[in-house]
Amino acid sequence: MSKKRRNRHKKEVQEPRFDFDEAKELTVGQAIRKNEEVEAGVLPEDSILDKYVKQHKDEIEADKFATRQYKKEELVETQSLDYLIQEVREAVEESEASSEEVPSSEDILPPLPLDDEEQGLDSLLLEDENPIEMTEEVEEEQNLSRLEQEGSEKKSKKGFVLTALAFVSVIICVSAYYVYRQVNRSTQEIQTSQSSSSEQNVQPILEDFNSQYDAFYTDSNKTALKNSQFDKLSQLKTLLDKLEGSREHTLAKSKYDSLATQIKAIQDVNAQFEKPAIVDGVLDTNAKVKSDAKFTDIKTGNTELDKVLDKAISLGKSQQTSVSSSSSSQTSSSNSSQTSSNTISETKPSSSNETRSSRSEVNMGLSSAGVAVQRSASRVAYNQSAIDDSNNSAWDFADGVLEQILATSRSRGYITGNQYILERVNIVNGNGYYNLYKPDGTYLFTLNCKTGYFVGNGSGHADALDF
């Protein structure tokens with residue numbers, strides 16, 4: 001065994017120590033570096049990388065601790081994030097792990113195989129080699145190795161920094177999204193709270209609106225309106241305006257618009273009479289039409305009210321027709337009186353002549369010629385022999401009976417003006433019975449010309465005649 005190998009074996013067994021004799025042959029700088037290597041536990045057979053690791057052990061440990069601490073903090077900060085952050089962190093950890101792997105001395109300086117001649121020169125070179133020159137070469141190799149190691153560390157740190165920056169960017173983006181989601185959720189909660197608060201504020205107004213709206217009608221079915229409430233429509237409009245912007249506004253406005261339309265229709269029709277013809281949904285047949293009245297058909301959408309409006313309009317039009325007919329009749333009567341004879345008859349006129357005269361003044365309305373009259377619907381059976389007895393006094397109307405029946409028919413909307421057909425049917429118990437039809441032949445009712453009693457086939461009317 002050579003001397004150098006024996007020394008090496010001794011050094012492996014003994015604790016490293018800087019030999020004074022060896023130090024005498026070194027310069028001050030070389031001696032300081034040599035002493036640092038000895039204190040770090042560097043052995044002559046150590047590779048350049050092993051020497052560097054032993055001399056910089058504290059720095060390497062500190063870097064490893066900082067890296068572990070960074071990972072720990074990173075884990076704490078990101079553990080509440082979504083699954084996306086977890087995947088990014090795993091990718092980053094893999095990248096860090098690969099960048100922190102320290103190559104072994106064999107990876108950096110692999111041993112080169114020696115041929116026979118080089119192996120033979122090995123011992124000779126070791127014995128004849130100048131210690132000073134050998135130290136300088138080792139120092140240069142160490143410097144070169146240190147530079148390579150530092151470059152490798154810089155690259156590794158640079159890659160780590162880039163990876164960390166990328167990870168931080170992802171965290172910032174995800175955190176921004178998380179904050180946005182939280183803010184959006186908070187905004188929705190605030191809006192929901194405000195909406196709930198708004199509904200609570202609207203509820204009392206809505207209840208007041210519905211209460212005042214119901215007060216306009218006389219019944220729960222809302223078919224007839226109270227005239228006394230018409231002036232309060234503006235108060236209802238004020239409540240409606242307070243509901244604007246709420247989801248209840250649409251339905252409330254629909255109610256208000258319908259109510260306003262019905263009130264206007266009633267007011268327009270009543271304005272054509274000397275006093276209101278429609279009061280609380282009921283027609284006053286005693287109301288007198290104005291001389292300049294003008295009527296037009298009106299529809300409100302309230303079926304029951306529309307019927308009353310139609311009757312009021314028919315009543316007004318019939319009165320206008322009656323006034324016109326009365327004026328013509330008065331003119332005719334005046335002309336007739338001027339041409340009457342001054343001769344006084346010694347005998348009293350026969351009752352049959354008076355009857356014929358009375359019957360001739362009856363307004364039979366329109367002719368039934370060419371009209372499909374509903375005679376089969378008559379409440380009294382037709383008797384042709386009685387009809388042929390045209391001079392029978394049973395056909396004479398009592399005073400005012402026909403006029404009253406026609407007025408009632410007009411007010412109820414059965415007929416308009418003198419647009420009707422009046423036809424004889426039969427004589428029962430000395431009373432003449434007539435049928436009243438619409439201009440198109442539709443049966444209305446059968447009437448007693450003496451008593452004024454009339455009855456038709458409508459539901460709710462009398463189911464028996466007066467004989």
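**Figure 1. K222 sits in the loop between α9 and α10.** This predicted model gives us several spots to visit, and we start with this loop. K222 has a phi near 60°, a positive value in a residue other than glycine. Is K222 buried, partly exposed or exposed? With a relative accessible area of 27%, K222 is partly exposed, because buried would need a value under 20% and exposed a value over 50%.

**Figure 2. K232 belongs to the loop between α9 (131-214) and α10 (233-242).** K232 has a relative accessibility of 36%, so this residue counts as partly exposed. How far apart in space are K232 and F216? Their C-alpha atoms are 8.7 Å apart, while the two residues are 16 residues apart in sequence.

**Figure 3. D280 lies in the loop between two strands, β1 (278-279) and β2 (282-283).** Look at the backbone here: the phi of D280 is near 55°, which is a positive value in a residue other than glycine. D280 counts as partly exposed, because its relative accessibility is 35%.

**Figure 4. I415 is a buried residue in a loop.** The loop runs between helix α15 (401-411) and strand β3 (421-428). Why does I415 count as buried? Its relative accessible area is 2%, and buried means under 20%. Now follow the chain to S314: I415 and S314 are 101 residues apart in sequence, yet 7.7 Å apart in space, C-alpha to C-alpha. Which residues does I415 touch, not counting residues up to four places away in sequence? They are S314, L406, S409, R410, Y420 and L444.

**Figure 5. S318 is part of helix α12 (residues 303-338).** S318 counts as buried, because its relative accessibility is 4%. Leaving aside neighbours within four places in sequence, S318 is in contact with R410 and G417. You may remember R410 from the previous view, where R410 is among the residues that I415 touches.

**Figure 6. N448 is found in strand β5 (residues 443-448).** Is N448 buried or exposed? With a relative accessible area of 0%, N448 is buried. The side chain of N448 makes a polar contact with the side chain of Y433, at 3.3 Å. Y433 is also one of the residues that N448 touches, not counting residues up to four places away in sequence. The others in that list are V401, N431, G432, Y453 and D466.

**Figure 7. F445 and F454 form an aromatic pair.** How many aromatic pairs does a search of the whole structure find? The search finds nine. In the pair formed by F445 and F454, the ring centres are 4.5 Å apart and the planes are at 40° to each other. This pair is tilted, because planes under 30 degrees apart would count as stacked and planes over 60 as edge-to-face. What about the accessibility of each partner? F445 counts as buried, at 2% relative accessibility, whereas F454 counts as partly exposed, at 26%.

**Figure 8. F209, Y213 and Y217 form one aromatic cluster.** Which residues make up this cluster? One phenylalanine, F209, joins with the tyrosines Y213 and Y217.

Conventions
Residues are numbered from 1 along each chain as its sequence is written. This is a predicted model: local features need pLDDT of at least 70, side-chain atom pairs count only at pLDDT 80 or more; totals for chains, interfaces and linings use all residues. Side-chain values use heavy atoms; hydrogens and water are left out. Helices (H or I, at least four residues) and strands (E, at least two) are DSSP runs, numbered from the N terminus. Buried means under 20% relative accessible area, exposed over 50%, partly exposed in between (1.4 Å probe, protein chains only). Contact means heavy atoms within 4.5 Å. A polar contact is a pair of N or O atoms within 3.5 Å; within protein, one must be able to donate a hydrogen and the other to accept it, and residues adjacent in sequence count only if both atoms are side-chain atoms. Rings of Phe, Tyr and Trp (its six-membered ring) pair if their centres lie within 6.5 Å; planes under 30 degrees apart count as stacked, over 60 as edge-to-face and the rest as tilted.
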